[in-house]
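Good morning, colleagues. Please take a moment to look at the sequence and the structure before I begin.

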Amino acid sequence: MNTADLFGNVVYPEHRDEPLCDGAVVLRGFALPDETMLLQSIDAVVAQAPFRHLTTPGGFRMSVGMTNAGPLGWVSDRHGYRYDPIDPDSGKPWPSMPDVFLGLASAAAAHAGFAGFMPDACLINRYTPGTRLTLHQDRDEHDFAQPIVSVSLGIPAMFLFGGMQRTDRSIRVPLAHGDVVVWGGSARLRYHGVLPLKPNHHDVLGAYRINLTFRQAG
Ligand code: SIN
Ligand code: FE2
């Protein structure tokens, strides 16, 4: 339950910072004040650019449904991974980045010590129970000085946060609706992934988890 402070501002008691390592932090509940606007904006993006299951360069269908907002969208196909200004399904530019996305991403980055973050890409991942994202590095962007900002909505997930080698031990970080993870600096290229989601139900998103991953790609 939320309470109001002396000035009438809503205070989220679950709003805490949890450092994972140098350069990486979980901001618990950081997205909750924007929840309604975020969900409306996601619906608007998805109406223009529906979720789809991309193919990996190795020919596997990704279990996580994906779409994008912003000037650049992350895509994968038989030729590899890339950022593309055009949605290959529609032949049109990706939907523009909603203001609430930009505001949240730059505020979270600044809160984590990365002032001036201006993402040009938002990958929207949709998970259902059983879907997962194997350990990977985010390394298709030009400037590794820019952090990654990752927003969790809907049913919970177990995030894996590893080291600089795929085989390094990873820690397990439970992520819930409204949590934001920021990693940059010396943590920018750490391996990360998501364990298969357990069956669950969220009041607003039902059996789905939506993750927004913000990057400055170009
Ligand atoms: C990603 O690494 O692109 C997504 C991570 C997540 O879904 O939490
Ligand atoms: Fe990633």
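How are the donor residues of the iron ion (ligand 2) spaced in sequence? The spacing is H-x1-D-x53-H. I should state at once that this is a predicted model.

The residues behind that pattern are His136, Asp138 and His192, which coordinate the iron ion (ligand 2) at 2.1 to 2.2 Å. The histidines do so through NE2, and the aspartate through OD. Two of these residues bring distant parts of the chain together. Aspartate 138 lies in the loop between strand S9 (133–136) and strand S10 (148–154), while histidine 192 belongs to strand S14 (residues 192–194), 54 residues apart. Both aspartate 138 and histidine 192 are buried.

Why is the arrangement around the iron ion (ligand 2) irregular? There are four donor atoms, and the angles they subtend run from 89 to 174°. A tetrahedral assignment would require all angles to lie between 85 and 135 degrees, so the upper end of that range, 174°, rules it out.

I turn now to the interior. The largest nonpolar core has 31 residues, and Phe101, Val149, Val180, Leu212 and Phe214 have the most contacts inside it. Several elements each supply at least two residues of this core, among them helix H1 (35–48), strand S8 (121–127) and strand S15 (209–215). Helix H2 gives the most, with six residues.

Valine 149 illustrates this packing. Beyond its neighbours within four places in sequence, valine 149 is in contact with residues including Ala105, Phe117, Val181 and Thr213.

Finally, a second, separate core has 26 residues, including Leu54, Leu72, Trp74 and Leu175. Thank you for your attention.

Key: Residues are numbered from 1 along each chain as its sequence is written. Chains are lettered from A and ligands numbered from 1 in the order in which they are written. This is a predicted model: local features need pLDDT of at least 70, side-chain atom pairs count only at pLDDT 80 or more; totals for chains, interfaces and linings use all residues. Side-chain values use heavy atoms; hydrogens and water are left out. Donors are N, O and S atoms within 2.8 Å of the metal (3.2 Å for Na, K and Ca); water is not among the atoms, so sites may look incomplete. Four donors count as tetrahedral if all angles lie between 85 and 135 degrees; four count as square planar and six as octahedral if opposite donors are over 155 degrees apart and all others between 65 and 115; anything else is irregular. Helices (H or I, at least four residues) and strands (E, at least two) are DSSP runs, numbered from the N terminus. Buried means under 20% relative accessible area, exposed over 50%, partly exposed in between (1.4 Å probe, protein chains only). A nonpolar core is a set of buried Ala, Val, Leu, Ile, Met, Phe, Trp, Tyr and Cys residues joined through side-chain atoms within 4.5 Å. Contact means heavy atoms within 4.5 Å.
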